[in-house]
Amino acid sequence: MEFSWMIGGEAGFGIMASGLTLSKTFARGGLHVFDAIEYPSLIRGGHNTYMVRTASREVHSHTGYIDMLVALNEETIHLHKEEMAPTGCILFDGMHEPEDRFGVHADISLFPIPLGDIVKDLGGQPIMRNTAAIGATIALIGYDLSLFENLLADMFKHKSEDVVRDNIHVARAGYDFMMNNHPGGSGIIVKPADGLRRMVVSGNEAVGLGALAAGCRFYSAYPMTPASGLLHFLAAEERNHNLVVKHTEDELAAILMAIGASHAGVRAMTASSGGGFSLMVEALGLAAMTETPLVVMEAQRPGPSTGLATRTEAGDLRFVMHASQGDFPRVVMAPGDAEECFQAAGHAFNLAEKYQVPVIILTDKFLTESHKTVDGFEPVPVDRGELLDHAHLDNITDYKRYEMTDSGISPRIIPGHRKGVFIANSNEHDEHGRYLEDPLNRTAMMDKRMKKLEHLAAELEEPHLYGPKTADLTLLSWGSTKGPILEAMMLLKNSDITVNFLQILNLYPFPREKVTRIIKSARLTIDVENNQTAQLAGMIREYTGMKVDEKILKYNGRPFTPEEIANRVAEVVRHG
């Protein structure tokens, strides 16, 4: 069983809240969910959509077809009628079908329902049309209305019993209207599954949960889509986790505050999108020169400049790899789903402290704002690296913050101990932190810092290979394309093409050996990326000397759908 549902209308209609509510209703019935949102970069108005895809199996991505479209205005029908599944249906606000049936194909069923009148008759607010529409949806697919009613009760219990009662009345009125007027339903059946109540989390929330589990105690950020969700999530958790969340005046202040907090001994993090990260770049170098642990989430959206502020792209890989002047070690990781976002946050704090380097978690709008059901998360054990305590410092007579060591890692302290005095500034320095331009010292300090990369590379999780070890073709990708690719592989199972997929989770230091080994064993390689220049394919060429055979690229501000990838893979195979 699979079902894709989309609600659409103007901004302000409550589209986002409605979609998430239905996702949670399905999840409470033990179903798996993936949802995705689209909205323009406007303060008011514009067309918004929320797609919910549910199934009794794990769902990795949205899809390119709609089984049921809930249209809160006529524009929604005209914009999305071509995306309807062959026997799909449209639920719209009205009493009767128009004579032209909105020009939709005859196989598409239309279900008019007077949403506005239902809400008005019950004395509700216009925005409650969505609640009636979800009730009507549940009637049309034969789902369990009590799961929705119980969810409404939980959602509104902090307001008042009246609010809970009114919402449930509206939901039941929408449900009853469809049961009375269309008792045969839509022909689509969606039933609760195993009854396990799964979590419904976005990528932003998963990164936030991972950070909290890792002991993050300071988060500073300036709001910027699509990273703003992380700020909102952590701000709401501030009092529950002994956490300080600072909404700063700009992005430069955000990263500098995070560096300061980390220097003072707490686990600290900041985040932004590409434009905001551009402003952080000089300070990134400060963290590198002072060897201060730092975790940054860079949530990509299409650039350059403001670009498409509320759409998705994965075009900042090369940027974050090389951001800031000079050579210095860093880590760039690119989780592909909510589970990996949680894990990435935990590993990022450990790596940042163990190697005293900046760690960048590279996400994007599609990953950070989409929701996925998860059974739970496995916390990453905390490793704070070589952090000296007072007992150690009591026995030290000459503390050297930047001491030369075989690993390049110098023992770190929390400032405040009388024997732990050192200088921290942005200039090249000696082992005590004193400014020094001596050429031998410069060479030694550069070598010391860069030496960390050797040990870092050995510790990073290797790329994941999905599917059979040998296949007709191997897909290569990173980040949020993971979900659509996994779904595309399911579609291709019905063809005579065998496919596997190499997902590169940690992009810098680049996992040269495994990528080389997989590509050498592949019969045909196809790079799948959400950018125009195939940045991963370029990295593969740079670090392995090997050229990817074909590329499937998309850069119109929207994520891949599984169908797009499957069709283009089949086309590549057919035409070579």
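**Reading cavities, strands and unusual bonds**

Reader: How many residues line the largest cavity, and which of them lie nearest its centre?

Author: The lining of the largest cavity consists of 15 residues, and those nearest its centre are Phe-34, Gly-336, Asp-337, Ala-338 and Leu-367. Helix H13 (365-369), strand E14 (371-374) and helix H16 (482-492) are the elements that each give two or more residues to this lining. Please bear in mind throughout that the model is predicted.

Reader: How is such an empty space found, and what volume does the largest cavity have?

Author: The general idea is that a probe the size of a water molecule, rolled over the atoms, reveals where space is left empty. In this structure the largest cavity has a volume of about 110 Å³. The count of cavities of 30 Å³ or more is 6. Sorted by class, the lining of the largest cavity has 6 nonpolar, 7 polar and 2 charged residues.

Reader: What volume does the second largest cavity have, and which elements give two or more residues to its lining?

Author: The volume of the second largest cavity is about 70 Å³. Its lining includes Ser-262, His-263, Arg-401, Tyr-402, Arg-412 and Ile-413. Helix H9 (251-263) and strand E16 (412-413) are the elements that give two or more residues to that lining. By class, the lining has 5 nonpolar, 4 polar and 3 charged residues.

Reader: How should one read a pocket, as opposed to a cavity, and how much space lies in the largest pocket?

Author: A probe placed in a cavity cannot get out, whereas a pocket is open. The largest pocket holds about 560 Å³ of space. It is lined by 25 residues, and Ile-37, Tyr-39, Gly-229, His-232 and Glu-369 are the closest to its centre. At least two lining residues come from each of helix H1 (15-28), strand E3 (47-55), helix H7 (203-213), helix H8 (228-236) and H13. The lining divides into 11 nonpolar, 12 polar and 2 charged residues. H13 also gives two or more residues to the lining of the largest cavity.

Reader: E14 was named above; in what order do the strands of its sheet run, and which strands are at the edges?

Author: Two strands are taken as paired if at least two bridges are found between them. The open sheet here has 8 strands in the order E6-E5-E4-E1-E3-E2-E14-E7, and the pairing is mixed. Strand E6 (109-113) and strand E7 (199-202) are the edge strands, each pairing on one side only. From one strand to the next the twist averages 20 degrees. E7 and E14 are antiparallel and pair over 4 bridges; Ser-202 has His-371 of E14 as its bridge partner.

Reader: Is Thr-363 buried or exposed, and why?

Author: A residue counts as buried when its relative accessible area is under 20%. Thr-363 has a relative accessible area of 2% and is therefore classed as buried. This residue lies in strand E13 (residues 358-364). Beyond its neighbours within four places in sequence, its contacts include Met-297, Glu-298, Pro-335 and Cys-341.

Reader: Which class does Pro-415 fall into, and what does it touch?

Author: The class between buried and exposed runs from 20% to 50%. Pro-415, at 37% relative accessibility, is accordingly partly exposed. Pro-415 lies in the loop between E16 and helix H15 (439-459). Not counting residues up to four places away in sequence, Pro-415 touches His-263 and Ala-264. Although Pro-415 and Ala-264 are 151 residues apart along the chain, their C-alpha atoms are separated by 6.2 Å.

Reader: Where do cis peptide bonds and positive phi values occur?

Author: Most peptide bonds are trans, and most residues other than glycine have a negative phi. In this model a cis bond joins Gly-303 and Pro-304, with omega about 0 degrees, and another joins Tyr-508 and Pro-509. Pro-304 is in the loop between strand E11 (294-300) and helix H11 (317-322), while Pro-509 is in the loop between strand E20 (506-508) and H17. Phe-102 has a positive phi, near 60 degrees, and is buried at 8% relative accessible area. Phi of Ala-534 is near 55 degrees; Ala-534 is found in the loop between E21 and H18 and is buried, at 4%.

Reader: Which residues of H17 are buried, and what covers them?

Author: In helix H17 (residues 512-521) the buried residues include Val-515, Ile-518 and Ile-519. Among the elements covering the buried residues of H17 are strand E18 (473-477), strand E19 (499-503) and helix H18 (535-544).

Definitions and conventions: Residues numbered from 1 in each chain as written. Predicted model: local features only at pLDDT ≥ 70, side-chain atom pairs only at ≥ 80, totals over all residues. Heavy atoms only, no water. Buried < 20%, exposed > 50% of the residue type's maximum accessible area, 1.4 Å probe, protein only. Contact = heavy atoms within 4.5 Å. 1 Å grid on protein atoms, 1.4 Å probe; cavity = no way out; pocket = protein on both sides within 12 Å on 5 of 7 lines; lining within 4 Å. Points joined across faces, edges and corners; volume = space filled by probe spheres on them. Nonpolar A, V, L, I, M, F, W, Y, C, P; charged D, E, K, R; others polar. Axes fitted to C-alpha atoms, helices over the stretch in contact; angles between N-to-C directions.
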